[in-house]
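Colleague: Before I rely on the labels attached to this protein, I would like to hear the reasoning behind some of them. Could you show me the model and take my questions in turn?

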Amino acid sequence: THLAALCGVPTLALFGPTDPCTWGPVGAQARILRGNSLWTFPDWFQHAPAKDSKSMAEICTSSVLSALKEMLQTTA
């Protein structure tokens, strides 16, 4: 995810309780999906809580598909 985001490739990173400010990819096309909340770079630095009780199990398939569709529409 880090290399793709740095190269400007649309990137969707899925996060559970891990801090996206520390471990998230950096780049204009990077997106973070945490629980069912979608964050764009650099918004997660300002809005996403560093510690979160969300788990990867809370990310539903429909949220991932929705995020991917949105990313495809904005990059097309």
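Colleague: Why is Cys60 called partly exposed?

Modeller: In this predicted model, Cys60 has a relative accessibility of 29%, and because the partly exposed class lies between the limit for buried, under 20%, and the limit for exposed, over 50%, Cys60 counts as partly exposed.

Colleague: Where is Cys60 found, and what separates the C-alpha atoms of Cys60 and Gly35?

Modeller: Cys60 is found in the loop between α3, residues 43-47, and α4, residues 61-75. Its C-alpha atom and that of Gly35 are separated by 7.8 Å, with the two positions 25 residues apart along the chain.

Colleague: Ala57 lies in the loop between α3 and α4 as well; what makes Ala57 exposed?

Modeller: The relative accessible area of Ala57 is 72%, and since exposed requires over 50%, Ala57 is put in the exposed class. As for its place in space, Ala57 is 25 Å from Pro42, C-alpha to C-alpha, and the two are 15 residues apart in sequence.

Colleague: How do you know that Thr11 counts as buried?

Modeller: Buried means under 20% relative accessible area, and Thr11 has 5%, so Thr11 counts as buried. Thr11 is found in strand β1, which covers residues 11-15, and beyond its neighbours within four places in sequence, Thr11 is in contact with Thr1, Ala4, Ala5, Pro25, Gln29, Ala30, Arg31 and Met71.

Colleague: What lies 3.4 Å from a polar atom of the side chain of Thr11?

Modeller: That is the backbone nitrogen of Ala5.

Colleague: Why does Val26 count as partly exposed?

Modeller: Val26 has a relative accessibility of 42%, and because this class runs between the under 20% of buried and the over 50% of exposed, Val26 counts as partly exposed. Val26 is found in the loop between α2 (20-23) and β2 (30-34), and with its neighbours within four places in sequence set aside, its contacts are Ala5, Leu6 and Phe41. Val26 and Cys7, which are 19 residues apart in sequence, are 9.7 Å apart in space, C-alpha to C-alpha.

Colleague: Turning to the whole chain, how do you know that the radius of gyration agrees with a compact globule?

Modeller: For 76 residues, a compact globule would have a radius of gyration near 11 Å, and the protein has 12 Å, which agrees. Along the principal axes, its C-alpha trace spans about 35 × 25 × 20 Å, and 33% of the 76 residues count as buried.

Colleague: Which pattern do the helices and strands follow along the sequence, and how many of the contacts join residues at least 24 apart?

Modeller: The protein has four helices and three strands, and read along the sequence they give the pattern α-β-α-β-β-α-α. Of the contacts between residues at least 6 apart in sequence, 35% join residues at least 24 apart.

Colleague: What can be said of the surface and the charges?

Modeller: The accessible surface comes to about 4600 Å², and carbon and sulfur atoms account for 60% of it. The protein has 5 positive and 5 negative charges, and their mean positions are 3 Å apart.

Notes:
Residues are numbered from 1 along each chain as its sequence is written. This is a predicted model: local features need pLDDT of at least 70, side-chain atom pairs count only at pLDDT 80 or more; totals for chains, interfaces and linings use all residues. Side-chain values use heavy atoms; hydrogens and water are left out. Helices (H or I, at least four residues) and strands (E, at least two) are DSSP runs, numbered from the N terminus. Buried means under 20% relative accessible area, exposed over 50%, partly exposed in between (1.4 Å probe, protein chains only). A polar contact is a pair of N or O atoms within 3.5 Å; within protein, one must be able to donate a hydrogen and the other to accept it, and residues adjacent in sequence count only if both atoms are side-chain atoms. Contact means heavy atoms within 4.5 Å. The radius of gyration is taken over C-alpha atoms; the globule rule is 2.2 Å times the number of residues to the power 0.38. Accessible areas come from the Shrake-Rupley method with a 1.4 Å probe; for residues, only the protein chains shown count as cover. Lys and Arg count as positive and Asp and Glu as negative; His and the chain ends are not counted. The place of a charge is taken as NZ of Lys, CZ of Arg, CG of Asp or CD of Glu.
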